[in-house]
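The exercises below are meant to be worked through with the sequence and the structure open side by side. Each begins with a task and is followed by a solution in steps.

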Amino acid sequence: MSQTMMTDFFANARAGAGAGAGAGAGAADAAAAGAPANRRRVKVPYTANPRLGSHTRIGAAKSNPTPATATAFITIGELVTAFATNPDRLLPDARRMSTYNLVGPKSTARMEPHQLRRWSYARKCANVVAHHASRAALIEPRPLGFRLLGVPRAGNLLCAIEPHAQLNRHITYIGNLSYYCIEVLGRTPQLGDLRYMLWPITDAERAQHAIPVDLTHPFMSWNDWCDTNRVAFMHGDQEELMKRYTRTRGHAHTGRDGSEEATFVAKELAASTINNRCVAVQFAAASHYNAVARKMSAIRRERIRSGKAAEDMEEWQLLLEEAEDMFYAMRSIRHHTETNRHMDVRRGGSEKSKSEASRLCTYEQVVAGVYTEWECLYADMTSPVSRAWVARLGEWLLLALVALSPPVRRKMYSDLLVDDVSWNAAARRFKILVPIKFKNSTQSSISHVEVSNKLTKPMKLWLRYRHMLNQTKGQDAAHHNARLFVDRRGRNVHNAMPRIFMSFGFKRCNIGRLGPHIMRDIFITFFLESNPSLDRATLAAVATAMSTTVTMLFRHYAHHVGERAAALVADILDGTEPVHVQRLRALVASIDAESNRANRGVLEREADDVDLVLADRHDLNGFSAVLPRPPPTMMDDTTASPLELIARAKTFNPRERGQRMSRGTVVGVYVPGQHRRRRAAAATAAPEPAAAAPSLKRKRADDDDDEVRLAQSVAQFCRRRWGETKERQDQPVLIMDITSYGMLHGDNSKKPYNIAEMTKIMEELQLDDRVHFTSSKVMNVYIAVTRKLKELKQAVEHAGCSVEELHALVASVTCMDEYKELPDARNRASLYGSMRTSAGVPLYRQLGLASVRRLYAKLAFKK
C-alpha cells in the first residue's frame with residue numbers, strides 16, 4: 001500500500017497540467033484560505049475505484065448489447081434470480097443461503113423511470129439472445145444451457161424486475177466476474193450455462209495472462225486482476241485522479257469544502273469486499289447446481305412415471321457431480337475469505353487504525369457538535385417553517401438520537417415508524433417501539449428506544465411537521481410515509497445516513513468518515529471510561545439498550561476493558577488498592593454499621609455485591625458531568641401533554657404484514673340480519689334514559705378519581721388496562737381480558753357471562769376501532785372464557801388472596817426470577833402468562849417469549 005498526499009498532485013498540476021487541473025487547485029486553495037483559522041485541518045484518506053466493466057450493468061437506452069453481453073445478462077439474471085427468490089432449492093448440503101424478494105412492480109404501468117430502463121434493457125437482451133439462439137438450437141447434441149433454461153421469452157423475464165438491494169449487489173458482482181472471464185480470459189458464454197465462470201484456470205490462460213500458479217480459480221485471479229488495475233489507476237494520470245476526487249466529494253454530499261488534507265491511498269481490495277464477492281459467486285455456483293439437480297429430478301420422475309427416460313441418466317449424473325465439485329470449491333474459498341475478513345476486522349478495530357482512517361473522535365466532541373448544530377438550526381427557524389428546514393430538523397434529530405442515547409443498529413433507526421412513538425408520562429420523555437423483527441432477534445431482547453428528555457422539544461417539533469415531507473405519488477409512498485425518519489426527498493433515511501453523519505463529522509468533529517456504526521464504539525468507550533466500577537448486570541443493560549450482547553460488547557467495542565483488567569491485576573501484584581475498591585470497602589463498612597440497629601426488619605433483603613456496586617453513584621454521576629450542557633433553546637418549557645400538541649397523520653403500510661401482524665385497517669363490519677334489524681329499530685325509536693350502572697363496586701360517573709372509576713364495557717376496561725401510552729394503537733383483546741372484566745366488574749362473579757351476554761360483547765368489540773380479536777365465533781370465545789374463569793378461581797383459592805391482589809402481583813413481574821416467586825408458577829403458566837403487566841402487555845411478552853406455550857415449555861422442560 002502506498003500513499004500520496006493531495007498537495008503533491010496539486011503541485012504537479014500547477015507545474016505541467018492543463019487548465020482543468022489549475023482550476024481545481026485554485027478552488028482548493030481558495031476554500032482552504034477561507035476556512036476558520038482555529039480549525040484543525042481534516043485528514044481524509046481516499047482510494048478511487050476504476051470502472052472495470054460488468055455484464056449486468058443496465059446499458060443506455062440507445063445502446064445495443066453485444067451477443068456475449070446479452071447472453072451473460074440473461075443467463076445470470078434468470079438463473080441466479082430464480083434461485084435466490086425461491087425457497088424450494090436443491091443443494092448438496094444443508095448450508096443455509098438467504099432468500100430475497102423482487103421489490104419492483106411486474107406491470108409497466110406502475111414502474112418508475114429507472115425500473116422501466118431495466119425492463120427495456122432486459123427485453124432488448126432477450127431479443128438479441130433469441131435471434132442468435134435460433135441457429136444454435138439446431139446443434140446436436142443441444143448445449144447444456146438450452147436444456148436447462150431454454151430461450152426465454154421477452155415478456156416473462158425475472159431479470160426485468162427490480163430485485164432486492166442485496167440481491168442486486170450479488171448480481172452486480174457476478175456480472176463483474178463474467179466480464180473478466182469473457183473479455184479478459186476470452187471464454188465464450190452459453191445461454192443458461194454458468195460454468196464459464198466456475199471452471200478452473202487452464203494452462204493456456206495461465207500462460208497467456210501470466211496468472212500466478214497459486215491462483216487456480218477464476219474468482220481468485222479476478223480479485224488479483226482488480227487489485228492490479230486499482231493500484232495502477234492510483235499511480236496513473238494525476239489530473240484524472242484529482243477530477244475524480246472533486247467529483248466524488250461533490251456528489252457524495254460529504255460536507256467537505258476543499259480545506260481538507262486528502263491522502264490518496266493506493267491499496268488492494270479489503271478483505272470484507274472480497275468476502276462479499278465470494279458470497280455472490282457462491283450464489284452463482286449454487287444456482288447452477290440447483291438447475292442441474294432440478295432437471296435430473298424431472299427426468300427421474302418421468303422415468304418412474306412412464307418406465308423410461310427421455311435423456312441419458314448417466315450423462316446428467318456426471319453433470320451433477322461436476323456442479324457439486326464447483327459448489328464445494330466455492331464453499332472452500334469462502335471459508336478462506338471469511339477467515340481473512342475476521343483477521344482484517346481485528347486489525348482495523350484498534351483505535352490507532354480508526355484514527356488513521358479519520359473515523360474516531362471523542363464523545364464530548366460529538367455532543368458539543370450536536371448542541372452547536374441545534375443552535376444554528378433553531379436560529380434559521382422561520383414562521384411558517386419551510387420544507388427544507390423540516391428536512392434539516394429530521395436529520396439533526398436522527399443525529400441527536402444516536403448521540404444522546406445508547407446507539408442501536410443503523411437498520412433499526414431506518415425502520416422506526418411514526419405510529420410507534422408514544423409518550424411516557426411518568427418519565428416525561430418519548431419512547432419508540434422497534435419493529436417486531438428486532439424484538440425476535442436472538443442477539444438482543446430490545447423492545448423500544450428511549451428518547452432522552454433533552455430531545456423532548458425537538459421531537460415535538462418533528463412530529464408536528466413530519467407530514468410536510470410525505471410523498472404523494474409512487475408505489476412506495478406509503479412505505480416511506482410510515483417511517484419516522486426520512487431524507488430530504490421524503491424517502492427512507494437508510495441510504496442517506498452515511499451522508500448525514502459524514503457531513504456532520506466533517507463540520508463539527510474534524511473527522512472525515514464519521515458513520516452511524518462507529519458511534520456505538522465512541523459511546524461505549526466513553527461510557528466505560530466514565531464508569532470504571534461497572535458490574536456485569538449494568539453492562540448487560542447497556543448491551544441490551546444497544547441491541548447487542550455483553551460478549552459482543554467486549555469483543556468489538558470495549559477497547560478499554562483489557563487495559564482496566566491489566567491495571568487491576570498489576571495493583572493486586574504491587575499491593576496497592578484501586579480507588580473504586582476503597583470506596584466500595586467504605587460503603588460496606590457503613591452498611592455493616594447501619595445493620596446493627598434494633599428495629600431492622602426480619603424480611604429485609606441482604607445487600608449483595610451487585611447492590612453494593614450499583615449503590616456507588618460517584619462514577620455514574622461523572623458520566624454527564626464532563627459533557628457540555630445543552631443549550632437553553634433545547635429545553636422543553638411546556639407542561640401540556642405532547643399528544644395535544646402533535647398534529648400527527650396516521651399512516652399504514654400494507655407491505656409490512658410481517659412486522660405489524662397485530663394491526664390492520666377495518667374495511668367493513670358484518671352484522672347478522674336479526675341484530676342489524678334490532679339495531680335499526682333501536683336507532684329510530686325515542687332515546688331512552690341511560691340505564692343505571694350495575695351495583696357491584698361501581699362509582700358514579702362524575703367521580704373525580706379516575707384511577708378507581710370502573711369501566712362500563714370490556715373495550716373500556718381493555719383500554720384502561722393498556723394505559724395511556726397505548727390508547728392510540730390497535731391492540732388485541734385476550735381471553736384473559738374478558739375473564740378479568742367478568743370477575744372484577746360483573747354482577748355475578750361466579751358466572752358472569754352467558755351466551756347472550758357474550759354475543760353482545762363480541763358485537764361491541766366489532767364496532768370498536770381501537771381493539772380487535774383473533775376469533776369471531778361466539779361459542780369458541782365463550783368456551784375459552786369459561787375454562788379461564790375456572791382456572792382463575794382455582795388460582796385465587798390456592799393463593800389465598802383476592803382477584804385484585806393476584807392481578808397486582810402478576811402486574812409487578814418484570815423478569816423470570818420474579819415470575820418463579822408467584823404461587824404455583826410452574827402449573828399456572830397458561831394463566832399467569834396471559835395476564836397483563838403494569839406496562840399493559842401480556843406477561844409472556846414482558847418475559848421476552850413468543851407465546852404462552854413457550855413460557856410453559858421453558859418452565860416444564862428446563863434442565
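Rings of Phe, Tyr and Trp, the last taken by its six-membered ring, pair if their centres lie within 6.5 Å; planes under 30 degrees apart count as stacked, those over 60 as edge-to-face and the rest as tilted. By this rule the count comes to 17 aromatic pairs in what is a predicted model.

**Exercise 1. Aromatic pairs**

Task: Classify the pair of Tyr46 and Tyr245, and state which elements this pair ties together.

Solution. Begin with the geometry: the ring centres of Tyr46 and Tyr245 are 5.1 Å apart and the planes stand at 70 degrees, and the pair is edge-to-face. Next, locate the partners: Tyr46 belongs to strand S2 (residues 43-46) and Tyr245 to helix H9 (residues 238-251), so the pair ties together parts that are 199 residues apart in sequence. Finally, consider exposure: Tyr46 counts as buried because its relative accessibility is 11%, and Tyr245 is buried as well, with a relative accessible area of 1%.

Now repeat the steps for Tyr819 and Tyr832, whose ring centres are 6.2 Å apart with planes at 80 degrees, so that this pair is edge-to-face. Tyr819 lies in helix H34 (residues 816-819) and Tyr832 in helix H35 (residues 829-834), 13 residues apart. Tyr819 counts as buried at 0% relative accessibility, and Tyr832 counts as buried at 1%.

**Exercise 2. Charges over rings**

Task: Find which rings lie under the charged ends of Arg89 and Arg277.

Solution. For Arg89, the charged end sits over the ring of Phe83, at 4.4 Å from the ring centre. For Arg277, the ring is that of Trp222, and the distance from its centre is 4.1 Å.

**Exercise 3. An open sheet**

Task: Work out the strand order of the sheet that contains S4, S5 and S6, and decide which strands stand at its edges.

Solution. First take the pairings one by one: S4 (residues 421-424) runs antiparallel to S5 and is joined to it by 4 bridges, with Val421 opposite Ile432 in S5. The two strands form a hairpin with 4 residues between them, and Arg428 in the turn has a positive phi of about 55 degrees. S5 also pairs with S6 (residues 448-450) in the antiparallel sense, over 3 bridges, and here Lys431 stands opposite Glu450 in S6.

Putting these pairings together gives an open sheet of 3 strands in the order S4-S5-S6, with antiparallel pairing. S4 and S6 each have a single partner strand and therefore stand at the edges, leaving one side of each without a neighbour in the sheet. Neighbouring strands of this sheet are turned by 30 degrees against each other on average, direction ignored. Helix H17 (residues 456-465) packs on the sheet and touches S4 and S5, its direction making about 55 degrees with that of S5. As for S5 (residues 429-433), 4 of its 5 residues are buried, so this strand is largely enclosed by the rest of the structure.

**Exercise 4. The surroundings of Val292**

Task: Decide whether Val292 is buried or exposed, and list what Val292 touches beyond four places away in sequence.

Solution. Val292 lies in helix H10 (residues 271-306), and because its relative accessibility is 0%, Val292 counts as buried. Setting aside residues up to four places away in sequence, Val292 touches Leu148, Trp316, Leu319 and Leu320. Of these, Leu319 is 27 residues from Val292 along the chain, and the C-alpha atoms of the two are separated by 7.2 Å.

Conventions
Residues numbered from 1 in each chain as written. Predicted model: local features only at pLDDT ≥ 70, side-chain atom pairs only at ≥ 80, totals over all residues. Heavy atoms only, no water. Buried < 20%, exposed > 50% of the residue type's maximum accessible area, 1.4 Å probe, protein only. Contact = heavy atoms within 4.5 Å. Pairing = 2+ DSSP bridges. Axes fitted to C-alpha atoms, helices over the stretch in contact; angles between N-to-C directions. Lys NZ or Arg CZ within 6 Å of the ring centre and 35° of its normal.
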